Amino acid sequence: MGKTIVITGASDGIGAAAAQQLSSRGHHVVVIGRSFHKARAVAESIDAPFHVADFSDLTDVANLAAELESLPQIDVLVNNAGGSFSDAPPTIQGFEQTFQVNCLAPFLLTKLLLPKLVASSATVVQTASIASRFGRFDVDAVDWEASNFSELAANPARKPLAPSGFDLLHGYGKAKLANIVLTRELQRRYSPQGISAVAFHPGLVASKFSPAGSGILAAMYRTPFRKTMVSPERGADQLVWLADSGPGDGWTPGDYYENRKPGRWLNPQAKNARLAKALWDWCDQAVAV
C-alpha cells in the first residue's frame with residue numbers, strides 16, 4: 001500500500017516530475033501548485049487530487065492547510081515550492097517575497113499540519129539549494145536579518161519590508177540556508193514525536209524556475225550555461241528517493257543531501273544550534289498573522 005505524499009510546487013519542474021514518478025510507484029500523491037490550470041493538468045495526468053495556493057499570501061497557506069486536514073493521513077510532506085524575486089514588492093503580509101515564499105510559507109504549512117504529521121509519523125522533505133552557502137545570518141539579530149537584509153517596518157508588529165538594492169544571490173541563499181536550519185530544528189524538536197525531517201539540493205535544474213532581475217543567479221538561467229543543467233526528471237531523483245524510502249534507508253533525519261550523499265560544503269551556520277532556535281522562534285512569531 002502506497003504512502004500519501006503531499007508535494008508543494010508540483011505543477012511544474014522537479015515537483016511535477018516527482019509527482020509523476022512517485023505516482024507510478026503506487027503512492028497516493030496530492031498535487032499543490034500556484035497555477036490552477038498547471039496543477040490540474042499534472043493531477044489529471046496521474047489521476048490525483050490537487051489544491052491551489054499562492055505562497056506569497058500566508059492566508060492562502062493557512063487555507064491550504066485547512067483543506068489538507070481532510071486527508072486521513074500524510075505520510076510525507078514535501079516542501080518544494082520556491083522562487084526568487086529581486087524587484088517584487090512586499091507580500092500582503094509585509095515580508096520580502098523570496099523569504100516568505102521559500103521559508104515562511106512552508107514553515108507555516110508544516111506548523112499547521114503538525115498534529116496530522118505527528119499522528120502519521122511523517123517525513124518532512126525540504127527542497128533546499130546549494131545557494132545556501134551564500135546565505136548568512138547575524139545570530140544576535142535574527143529578527144533584523146531574517147528577511148534578506150530587509151529594513152523593519154516602523155510598527156509594533158516589526159514586519160520587514162523589501163529593501164532597495166536587494167541582493168538576489170545572497171537573499172535567495174539566506175532563504176535556502178533558513179530551510180536547512182529549520183529542517184534541523186524541526187528534527188530536534190519533533191523527532192521524539194515521530195517526525196523525520198530532511199533537506200536536499202536537487203542540482204541546477206533546467207526548469208521554468210528563472211530568477212527575475214540581474215546578477216549571477218539570474219544570468220545562469222538566461223545564458224548557454226543553462227544547457228549544462230540537469231532535467232527536471234533527474235533533478236527530482238533525490239526528492240523521489242527521500243519520499244519513497246524512509247529514515248535510515250540510506251539517509252539520516254536532520255541531514256542535508258546532495259547527490260544522495262551528505263552535503264560536502266555545508267554552510268557552517270547550518271549547524272548553529274543557537275541560530276536554529278532563534279530563527280525558529282522568529283518565524284513562529286512572524287507567521288502568527
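This is a short tour of side-chain contacts and one enclosed space, to be followed in the viewer stop by stop. Keep in mind throughout that the model is predicted.

**Stop one: a bridge between two helices**

A search of the whole structure finds 9 salt bridges, and a good one to begin with is found by selecting K111 and D284, whose side chains meet with 2.7 Å from N to O. Colour helix α4 (residues 97-119), which holds K111, and helix α10 (residues 273-286), which holds D284, and you will see that the pair ties together parts that are 173 residues apart in sequence. Are these two residues buried or exposed? K111 is partly exposed, with a relative accessible area of 32%, and D284 is also counted as partly exposed, at 28%.

**Stop two: R189 and its partners**

Now select R189 together with E185, which form a salt bridge whose closest N and O atoms are 2.7 Å apart. Both residues belong to helix α6 (residues 168-190), where they are 4 residues apart and therefore separated by about one helical turn. Their surroundings can be compared by accessibility: R189 is partly exposed at 28%, whereas E185, at 3%, counts as buried.

Keep R189 selected and add D281, since R189 forms a salt bridge with D281 as well, the closest N and O atoms being 3.3 Å apart. This second pair links distant parts of the chain, with R189 in helix α6 and D281 in helix α10, 92 residues apart. D281 counts as partly exposed, at 28% relative accessibility. To see the wider picture, add R188 and K277 to the selection, because E185, R188, R189, K277 and D281 are linked in a network of salt bridges.

**Stop three: an enclosed space**

The structure holds 1 cavity of 30 Å³ or more, and the volume of the largest cavity is about 170 Å³. Which residues should you select to find its centre? Of the 15 residues that line the cavity, P106, F107, T110, L182 and L186 are the closest to the centre. The elements that give two or more residues to this lining are α4, β5 (123-127) and α6, and the largest share, 6 residues, comes from α4. If you colour the lining by class, you should find 9 nonpolar, 5 polar and 1 charged residues.

**Stop four: aromatic rings**

The count of aromatic pairs comes to 6. Begin with F36 and F50, whose ring centres are 5.4 Å apart and whose planes stand at 65°, so the pair is edge-to-face. F36 lies in helix α2 (residues 36-45) and F50 in strand β3 (residues 50-52), so this contact ties together parts that are 14 residues apart in sequence. Both positions can be checked for accessibility, F36 being partly exposed with a relative accessible area of 41% and F50 being partly exposed with 25%.

Next select F95 and W282, another edge-to-face pair, with 6.3 Å from centre to centre and 75° between the planes. Here F95 sits in the loop between β4 (76-79) and α4, while W282 is in helix α10, 187 residues away. Both F95 and W282 are buried. Adding F99 completes a cluster, in which ring pairs link F95, F99 and W282.

**Last stop: a charge over a ring**

Finally, select K174 and F137, and turn the view until you look at the ring from the side: K174 lies over the face of F137, at 5.2 Å from the ring centre.

Terms used
Residues are numbered from 1 along each chain as its sequence is written. This is a predicted model: local features need pLDDT of at least 70, side-chain atom pairs count only at pLDDT 80 or more; totals for chains, interfaces and linings use all residues. Side-chain values use heavy atoms; hydrogens and water are left out. A salt bridge is a side-chain nitrogen of Lys or Arg within 4 Å of a carboxyl oxygen of Asp or Glu. Buried means under 20% relative accessible area, exposed over 50%, partly exposed in between (1.4 Å probe, protein chains only). On a 1 Å grid over the protein atoms alone, a cavity is a set of points where a 1.4 Å probe fits but cannot get out, and a pocket is an open set with protein on both sides within 12 Å along at least five of seven lines; lining residues have an atom within 4 Å of a point. Grid points are joined across faces, edges and corners, and a volume is the space filled by probe spheres set on the points. Ala, Val, Leu, Ile, Met, Phe, Trp, Tyr, Cys and Pro count as nonpolar, Asp, Glu, Lys and Arg as charged, and the others, Gly among them, as polar. Rings of Phe, Tyr and Trp (its six-membered ring) pair if their centres lie within 6.5 Å; planes under 30 degrees apart count as stacked, over 60 as edge-to-face and the rest as tilted. A charge sits over a ring if NZ of Lys or CZ of Arg is within 6 Å of the ring centre and within 35 degrees of the ring normal.
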